[in-house]
Amino acid sequence: MMMLLIHGLSILLVSHSASGFSLETTRKLNLSSVANAVTVNPRNDRNNINIPAIEIASRKSFIQAVASAAAAAVVVTSAPFPSFAEEDERTFTRIKKDKNPFAYTLTLPSPPSPTNKPLQTHLDEVNLPITTIGLKGYTYGVTVDPIRLDSLREFGTPSEVAAKIVMAELKRDGVMDVTTGRDPVEDADTGAYDVEYISDGSRGRKHFVTRTVVKAGKLYVLTVVCKQDDWKQVEDDVWASVSTFKVLDL
């Protein structure tokens, strides 16, 4: 049996057993159909707060981390990010060499304006809103968390991961329907998984693209979000930027 624990905007996937849903059967699901396939624990998890730098325990919290990364990208704060290394005006490179070292780079469609949340729920969490083209809600976000998986393949195929992301998104507050976009794929060079989906809810229709990477004990999640009405305008730029997201060796 598969169990989902609702935790704020995140979903904790407890079981890695087969859910009975292929990617095709999750292309158009509603909340009632998902409820028939999973067991939801309604207990109060108010005190179970995600603490930065807490290691993700294998498969149990993988989807929780990916789902909360998507939620973080939707909420853009105005707090300026303290520092970042530039290779050029459109490239954001983040390097930390402390007890939980990590490094990544990403080239955006236009120069970024990095922000972060006062209370972070990941080891590291950065939002990169695109403000130069006049579109509200067009944001790139990157989260980093420790994890015990050595590769994404240990969790599942791109299609299996995409199906679980869709199920997690359906359980977010106010979300009524989720539709996948292009087929999920694995990047041959980096082993990253790219997943695209459209979320329709009380806050409008939003288009998401995620790139997920596991390397050297860290889970990296790049999330891009924009309004569905703006997708055609930014689609080419989004996929071009997603392809540049790389984890760096330290």
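Modeller: A salt bridge is counted here when a side-chain nitrogen of Lys or Arg lies within 4 Å of a carboxyl oxygen of Asp or Glu, and the model to which this is applied is a predicted one.

Biologist: How far apart are the closest N and O atoms in the salt bridge of Arg-153 with Glu-186?

Modeller: Arg-153 sits in the loop between strand E8 (139-146) and helix H3 (158-170), while Glu-186 belongs to strand E10 (residues 185-186), so the pair ties together parts that are 33 residues apart in sequence. Glu-186 is partly exposed, with a relative accessible area of 33%. The salt bridge between Arg-153 and Glu-186 has its closest N and O atoms apart by 2.7 Å.

Biologist: Arg-211 forms a salt bridge with Asp-194; are Arg-211 and Asp-194 buried or exposed?

Modeller: In this salt bridge the closest N and O atoms of Arg-211 and Asp-194 are 2.7 Å apart. Arg-211 is in strand E12 (residues 204-215) and Asp-194 in strand E11 (residues 193-201), so the pair ties together parts that are 17 residues apart in sequence. The cut-off for the term is under 20% relative accessible area, and by it both Arg-211 and Asp-194 are buried.

Biologist: Which residues are linked with Lys-232 in a network of salt bridges?

Modeller: One bridge of Lys-232 is with Glu-235, where the closest N and O atoms are 3.6 Å apart. These two residues are three residues apart in helix H4 (residues 231-242), so they are separated by about one helical turn. Their surroundings can be contrasted, since Glu-235 is buried at a relative accessible area of 18%, whereas Lys-232 is exposed at 68%. The network that includes Lys-232 links it with Glu-235, Arg-182 and Glu-196.

Biologist: Which element gives the most residues to the largest nonpolar core?

Modeller: This core has 28 residues, of which Tyr-104, Tyr-138, Tyr-140 and Val-238 touch the most other members. At least two residues each come from strand E6 (102-107), strand E7 (124-129), E8, E12, strand E13 (218-227) and H4. With five residues, the element that gives the most to this core is H4.

Biologist: How many residues are in the second, separate core?

Modeller: Nonpolar side chains tend to be buried together in soluble globular proteins. Apart from the largest core, whose members number 28, there is a second, separate one that includes Val-161, Val-175, Tyr-197 and Val-214. The number of residues in this second core is 19.

Biologist: How many of the 13 residues of H3 are buried?

Modeller: From its first C-alpha to its last, H3 reaches 18 Å, which is close to the 18 Å expected at 1.5 Å a residue. Its buried residues include Val-161, Ile-165 and Leu-170, and also Lys-164 and Glu-169. H3 is largely enclosed by the rest of the structure, because the number of its residues that are buried is 11.

Biologist: In the protein chain, where is confidence highest?

Modeller: The protein chain averages a pLDDT of 74, and 65% of the residues score at least 70. Over residues 1-60 the pLDDT stays under 50, although the model has 127 contacts beyond four places in sequence for them. Where pLDDT is low, the predicted coordinates should not be read in detail. Confidence is lowest in strand E3 (residues 39-41), at a mean of 29, and highest, at 97, in H4.

How values were computed
Residues numbered from 1 in each chain as written. Predicted model: local features only at pLDDT ≥ 70, side-chain atom pairs only at ≥ 80, totals over all residues. Heavy atoms only, no water. Helix = DSSP H or I, 4+ residues; strand = E, 2+ residues; numbered from the N terminus. Buried < 20%, exposed > 50% of the residue type's maximum accessible area, 1.4 Å probe, protein only. Core = buried A, V, L, I, M, F, W, Y, C linked by side-chain atoms within 4.5 Å. Expected span 1.5 Å × (residues − 1). pLDDT = per-residue confidence, 0-100. Contact = heavy atoms within 4.5 Å.
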